[in-house]
Every structure is written in C-alpha cells, then in structure tokens.
Amino acid sequence: MSLKGKTAVITGSNSGIGLGVAWEMARAGADVVLNSFTDRAEDHELAAQIAAQTGVSARYIQADMSKGAACRALIAAAGRCDILVNNAGIQHVAAIEAFPTETWDAIIAINLSSAFHTTAAALPMMRQAGWGRVINIASAHGLTASPYKAAYVAAKHGVVGLTKTTALETAEEPITANAICPGYVLTPLVEAQIPDTMKEYDMSREDVIRNVMLTRQPSKEFATVEQLGGTAVFLASEAAAQITGTTLSVDGGWTAL
Ligand code: NAD
C-alpha cells in the first residue's frame with residue numbers, strides 16, 4: 001500500500017512510538033514532519049536519516065505541544081497535513097492528593113489539549129485536500145484505569161472522547177479519526193528501566209519483564225514501535241476508510257481481561 005503524495009505530521013516524534021510511526025509512514029511512501037519541543041542538531045538528523053533511507057521528504061519542526069498556539073503553528077508550518085498523528089505525551093505517577101497541580105496541567109495540555117489544537121488546525125487542510133486521517137495515540141489507559149496515574153488516565157480517556165467527536169464531525173467526508181490504544185511498548189525509555197528494576201527486585205531480565213512490567217499484558221510480550229507504526233499505516237490506508245470513531249488496542253490482550 002502506498003501513501004505516496006500524502007504528508008504525515010507526527011507530534012512528539014524524536015523518540016519512541018512517534019519515531020516508529022514516522023519511519024513506517026515514510027516506508028509506506030508518505031512525506032513526514034517530525035516534531036518535539038527541542039531544537040537540536042540530532043532532531044533534524046533524524047529527519048535527514050528517514051529521507052535518506054526511504055526517499056521521502058522529511059522535516060523536523062520544533063514546537064512545544066504544551067502550548068495551544070505552538071500546536072496550531074506546527075500544522076501551519078507543515079503547510080500540508082493529510083495524516084495527523086497525535087502522539088506527544090508525558091507521564092507522572094503520584095496519588096491524587098499528592099499530585100502536583102502544575103504536572104496535572106502539563107499532562108492535560110500535552111496529552112490531550114494538543115490533539116484538540118492540532119486537529120482544529122489540520123481539519124481545514126484535510127477538507128481542502130479532500131482526504132484525511134486523524135490518528136490519536138491514546139493508551140490502554142484510555143479504556144481502563146490504574147491507581148496513581150490520575151492525569152494520564154483522565155487525559156487518555158479524553159483523547160478517546162475527542163477521537164469519537166472528531167469522527168462524527170467528519171463522518172460524511174473522506175476523513176477518519178481513530179485512536180490506537182497501546183499496552184506496554186518497548187521504547188528506549190522502557191528498556192532503560194529494566195536494569196534498575198532487575199537490581200531493585202534481584203530478578204532476571206525475563207522475570208522483570210514478565211512479573212513486574214507485563215503483569216497486566218496477557219501476551220507477556222511488549223508491543224514494538226514497528227507494530228504501532230504498522231497499525232497507524234493501516235488506519236491511513238484505504239482498507240480502513242470505513243473505520244472511524246473507534247479504538248484499536250495493541251495491548252497483548254490487556255483490555256480483554
Ligand atoms: P517517549 O517519551 O519516547 O515519547 C514521547 C514523545 O513526546 C517524545 O518525542 C517527546 O520529546 C515528546 N514530547 C514530550 N513533551 C513534549 C512537548 N511539550 N512538546 C512536543 N513533544 C513533546 O514515549 P513513548 O512511549 O514513545 O510515548 C509516545 C506516546 O505513546 C505517548 O502519548 C504515550 O502516552 C503513548 N503510550 C506509550 C506506551 C508505552 O508503553 N511506551 C503505552 C501506551 C501509550
């Protein structure tokens with residue numbers, strides 16, 4: 001399947017799932033716009049690597065997804081946005097009564113409100129182009145809860161709600177909106193936690209993965225960023241043209257429990 005001629009804008013894509021989605025979109029032929037809040041040479045280098053290895057056009061645009069105006073400016077700077085992947089996200093773990101207000105505000109802004117702003121800016125471009133895909137990276141925590149993750153769970157449930165409303169407002173147009181709900185994904189951030197957890201619990205790598213990290217993931221395997229990218233490419237494909245307003249879990253059975 002080819003996404004040649006389409007431009008995909010992926011927020012929060014200088015690492016982890018966002019970068020994986022950018023690579024898979026590029027391998028499928030889409031031009032890509034990478035983003036994060038930093039503006040380092042290595043950020044731009046990521047886009048150059050994708051362009052060199054896949055032959056698509058790839059750019060990195062700095063924009064802080066905690067700020068509404070910057071979210072809208074990212075889409076304007078991209079100039080075209082056929083596929084919008086709202087992926088930027090942060091996490092904080094604390095009991096509700098101890099949860100810092102500024103951290104609550106940051107999580108709601110980056111994980112939820114950014115998707116509202118980018119979608120508002122991108123829909124007119126999709127309408128102009130006569131085609132569009134909104135793909136929101138939610139989480140298993142968009143469908144179920146865990147203690148001590150109040151802001152994250154609230155934001156991800158909010159993303160699922162925003163996805164449904166976006167789908168209804170575009171239902172009669174060639175535009176779809178869906179949310180991908182990953183379980184535990186093996187990103188560099190997650191990989192980096194394994195050695196410390198092995199020491200903390202005096203466990204083998206396999207035990208840490210199976211009995212600490214993946215307790216709620218029945219497959220006992222991480223999802224990979226390539227699988228997340230492949231799921232996003234599928235949602236962008238013509239095969240998915242009638243899939244809208246729904247969630248697609250990539251969670252090894254977590255939400256079947
Ligand atoms: P990550 O930390 O590798 O990626 C997060 C990305 O968001 C990074 O590129 C980071 O630079 C960017 N970002 C953070 N704050 C930003 C800001 N203010 N402006 C712009 N960009 C910003 O983590 P990840 O695991 O790849 O997470 C990506 C998304 O997937 C998040 O929305 C996360 O909630 C979701 N998710 C991850 C998992 C998992 O197990 N890794 C599971 C479910 C959902």
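Colleague: What makes the contact between the side chains of Asp64 and Lys67 a salt bridge?
Modeller: Set the distance against the cut-off. A salt bridge is a side-chain nitrogen of Lys or Arg within 4 Å of a carboxyl oxygen of Asp or Glu. Here the N to O distance is 3.2 Å. That is within 4 Å, so the pair of Asp64 and Lys67 counts.

Colleague: Where do these values come from?
Modeller: From a predicted model, in which local features need pLDDT of at least 70 and side-chain atom pairs pLDDT 80 or more, while totals for chains, interfaces and linings use all residues. Residues are numbered from 1 along each chain as its sequence is written, and side-chain values use heavy atoms, with hydrogens and water left out.

Colleague: Are Asp64 and Lys67 buried or exposed?
Modeller: The answer lies in between. Buried means under 20% relative accessible area, exposed means over 50%, and partly exposed covers the range in between (1.4 Å probe, protein chains only). Asp64 has 23%, so it is partly exposed. Lys67 has 48%, and therefore is partly exposed too.

Colleague: How many salt bridges does a search of the whole structure find?
Modeller: It finds 8. One of them joins Glu238 and Arg133. Their closest N and O atoms are 3.7 Å apart. This pair links distant parts of the chain, 105 residues apart. Glu238 lies in the loop between helix 8 (225-236) and strand 7 (247-250), and Arg133 lies in strand 5 (residues 132-137). Helices (H or I, at least four residues) and strands (E, at least two) are DSSP runs, numbered from the N terminus.

Colleague: Why is Glu238 called exposed?
Modeller: Its relative accessibility is 56%, which is over 50%, so the label is exposed. Its partner Arg133 has 2%, which is under 20%, so Arg133 counts as buried.

Colleague: Which residues are linked in a network of salt bridges?
Modeller: Arg40, Glu42 and Asp43. Within it, the side chains of Arg40 and Asp43 meet at 2.8 Å, N to O. Arg40 has 35% relative accessibility, so it is partly exposed. Asp43 has 0%, so it is buried.

Colleague: Now the ligand. How many residues surround the ligand?
Modeller: There are 28. A residue is near a molecule if one of its heavy atoms lies within 4 Å of it. The closest are Asn14, Ser15, Ser36, Asn87 and Tyr152. Helix 1 (16-27), strand 2 (31-36) and helix 5 (150-169) each supply at least two residues of this shell.

Colleague: What makes the approach of Asn14 to the ligand a polar contact?
Modeller: A polar contact is a pair of N or O atoms within 3.5 Å. Within protein there are further conditions: one atom must be able to donate a hydrogen and the other to accept it, and residues adjacent in sequence count only if both atoms are side-chain atoms. An N or O atom in the side chain of Asn14 is 2.6 Å from a ligand oxygen, so it qualifies. A polar backbone atom of Met65 is 2.8 Å from a ligand nitrogen. A backbone N or O atom of Gly183 lies 3.5 Å from a ligand oxygen. The protein buries 88% of the 820 Å² that the ligand exposes when taken alone. Those areas come from the Shrake-Rupley method with a 1.4 Å probe; for residues, only the protein chains shown count as cover.

Colleague: Which pocket is the space taken by the ligand?
Modeller: It is the largest pocket. A pocket is an open set of points on a 1 Å grid over the protein atoms alone, with protein on both sides within 12 Å along at least five of seven lines. A molecule sits in a pocket if more than half of its atoms lie within 2 Å of its grid points.

Colleague: What is the phi of Tyr148?
Modeller: It is about 70°, a positive value, and Tyr148 is not a glycine. Most residues other than glycine have a negative phi. Tyr148 lies in the loop between strand 5 and helix 5. Asp202 also has a positive phi, near 50°. Asp202 lies in the loop between helix 6 (188-201) and helix 7 (205-213).

Colleague: Is Asp202 buried or exposed?
Modeller: At 72% relative accessibility, Asp202 is over 50%, so it counts as exposed.

Definitions and conventions. 1 Å grid on protein atoms, 1.4 Å probe; cavity = no way out; pocket = protein on both sides within 12 Å on 5 of 7 lines; lining within 4 Å.
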